[in-house]
Amino acid sequence: MTRSSVTTPPPGAGRLQAAPGGPAPGSPLGSHYGDCFGCGERHPTGLHLRATTPDGLTVVAEFTVGEAHQGAPGLAHGGVLAAAMDEVIGMSVWLFQRPYVTGRLETDYLAPVPVGTTLHLRAWCTGVSGRKAYLEAEGRAGSPDGPVAVRAAALFIEVGMEHFARHGDAKAIADEHHEYEVNP
Ligand SMILES: CCCCCCCC/C=C\CCCCCCCC(=O)SCCNC(=O)CCNC(=O)[C@H](O)C(C)(C)COP(=O)(O)OP(=O)(O)OC[C@H]1O[C@@H](n2cnc3c(N)ncnc32)[C@H](O)[C@@H]1OP(=O)(O)O
């Protein structure tokens, strides 16, 4: 992965620790919002990512490229592939058990991805420093050990739940997140 200094953990960055109350190895990771383009089950043309954590420290998910995801005829749009990487990395909020948002996302495109291809996505954390989390992801075509078609490196920033209330739809978030106080 070609990554910048912004997405490279600084010396002394900590490792991701399994958070108390976090998902057990083998657990499915839920959708954070039903209308989310990445993971929402209600979204008509979204990516419909369904993720699990094999070990409590990484996220795996699948995304099948559909007609609604094209850029060039018959091929996935690069922005849609970036969204898939953003989403599988973003699913790590369940591992951290804290809300994070994308600060920076860097993407390498290694091969075109035809409509109908299932991308096997995996994301992992390379370091944590204060509010900053450094994460990487890859998408392999056809099977979990298929050729890597997309890679990404990201800087995610921890926010409070009030971030979503202040900038977004507080009621929609509260309706789906009874476990958190959205507007403290
Ligand atoms: C069990 C858990 C439960 C979770 C439940 C969640 C439910 C809620 C629903 C949803 C979840 C999330 C959905 C996931 C979807 C996939 C992820 C996305 O697509 S997220 C959307 C796209 N991203 C944004 O919209 C961010 C927009 N940006 C911002 O809001 C701000 O810029 C923010 C919060 C990122 C930072 O703003 P500041 O004011 O809080 O903090 P400052 O001081 O600016 O930054 C903190 C540190 O980070 C660095 N930083 C921030 N952005 C950077 C950047 N782009 N490049 C380099 N450094 C950056 C800064 O330099 C600073 O570093 P120094 O502490 O000084 O060392």
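## Briefing on a predicted 184-residue model

His48 is partly exposed in this predicted model, because 19 other C-beta atoms lie within 10 Å of its own, whereas a residue counts as buried when that number is 20 or more. The place of His48 is in the loop between strand 1 (28–29) and strand 2 (50–52), and its phi is near 55°, a positive value in a residue that is not a glycine. The protein to which this loop belongs has four helices and seven strands, and 23 residues surround its ligand. The points below go from the overall fold to the ligand shell, the nonpolar core and a few individual residues.

**Overall fold**

- Read from the N terminus, the elements follow the order β-β-β-α-α-β-β-β-β-α-α, so that three strands come before a pair of helices, four strands follow, and two helices end the series.
- The radius of gyration is 16 Å, which agrees with a compact globule, because a globule of 184 residues would be expected to have a value near 16 Å.
- Along the principal axes, the C-alpha trace of the protein extends over about 50 × 40 × 30 Å.
- Of the 184 residues, 30% count as buried.
- When contacts between residues at least 6 apart in sequence are considered, 64% of them join residues that are at least 24 apart.
- A UniProt record, which is an unreviewed entry, places the feature "domain: Thioesterase" at residues 74–143; over this stretch the chain is 24% helix and 46% strand, and the C-alpha atoms at its two ends are 20 Å apart.

**The shell around the ligand**

- The closest of the 23 residues that surround the ligand are Gly90, Val101, Gly103, Arg104 and Ile157.
- Two or more residues of the shell come from each of helix 1 (78–90), helix 2 (93–96), strand 4 (100–109) and strand 7 (148–158), and strand 4 gives the largest share, with four residues.
- By residue type, the shell divides into 11 nonpolar, six polar and six charged residues.

**The largest nonpolar core**

- The largest nonpolar core has 38 residues, and those with the most contacts inside it are Ala84, Val88, Ile89 and Leu135.
- The elements that give two or more residues to this core are strand 3 (58–64), helix 1, helix 2, strand 5 (118–129), strand 6 (132–141) and strand 7.
- Leu135, when neighbours within four places in sequence are left aside, is in contact with Ile89, Ser92, Ala123, Trp124, Cys125, Thr126, Ala154 and Phe156.

**Two buried residues of strand 7**

- Leu155 lies in strand 7 and counts as buried, because 20 C-beta neighbours fall inside 10 Å.
- The contacts of Leu155, not counting residues up to four places away in sequence, are with Val6, Thr7, Gly103, Arg104, Lys132 and Tyr134; Gly103 and Arg104 are also among the residues closest to the ligand.
- Although Leu155 and Thr8 are 147 residues apart in sequence, their C-alpha atoms are 8.3 Å apart in space.
- Phe156 also has its place in strand 7, and it counts as buried because 26 other C-beta atoms lie within 10 Å.
- With residues up to four places away in sequence left out, Phe156 touches Ile89, Tyr100, Val101, Thr102, Gly103, Ala133 and Leu135; among these partners, Ile89 and Leu135 are named with the most contacts inside the core, while Val101 and Gly103 are named with the residues closest to the ligand.
- The C-alpha atoms of Phe156 and Val93 are separated by 9.8 Å, with their positions 63 residues apart along the chain.

**Two glutamines in loops**

- Gln97 is found in the loop between helix 2 and strand 4, and it has a positive phi of about 60° although it is not a glycine.
- Gln97 counts as partly exposed, because it has 13 C-beta neighbours inside 10 Å.
- Gln70 lies in the loop between strand 3 and helix 1, and it counts as partly exposed because it has 15 C-beta neighbours inside 10 Å.
- Not counting residues up to four places away in sequence, Gln70 touches Leu75, Ala76, His77 and Val115, and its C-alpha atom is 8.2 Å from that of Val80, which is 10 residues away in sequence.

Technical notes: Residues are numbered from 1 along each chain as its sequence is written. This is a predicted model: local features need pLDDT of at least 70, side-chain atom pairs count only at pLDDT 80 or more; totals for chains, interfaces and linings use all residues. The radius of gyration is taken over C-alpha atoms; the globule rule is 2.2 Å times the number of residues to the power 0.38. A residue is buried if 20 or more other C-beta atoms lie within 10 Å of its own, exposed if 12 or fewer, and partly exposed in between; C-beta atoms are placed from the backbone. Two residues are in contact if their C-beta atoms, placed from the backbone, lie within 7 Å. A residue is near a molecule or strand if its C-beta atom, placed from the backbone, lies within 6 Å of it. Ala, Val, Leu, Ile, Met, Phe, Trp, Tyr, Cys and Pro count as nonpolar, Asp, Glu, Lys and Arg as charged, and the others, Gly among them, as polar. UniProt positions are given in the numbering used here, feature names are shortened, and annotations may be inferred rather than shown by experiment. A nonpolar core is a set of buried Ala, Val, Leu, Ile, Met, Phe, Trp, Tyr and Cys residues joined through C-beta atoms within 7 Å.
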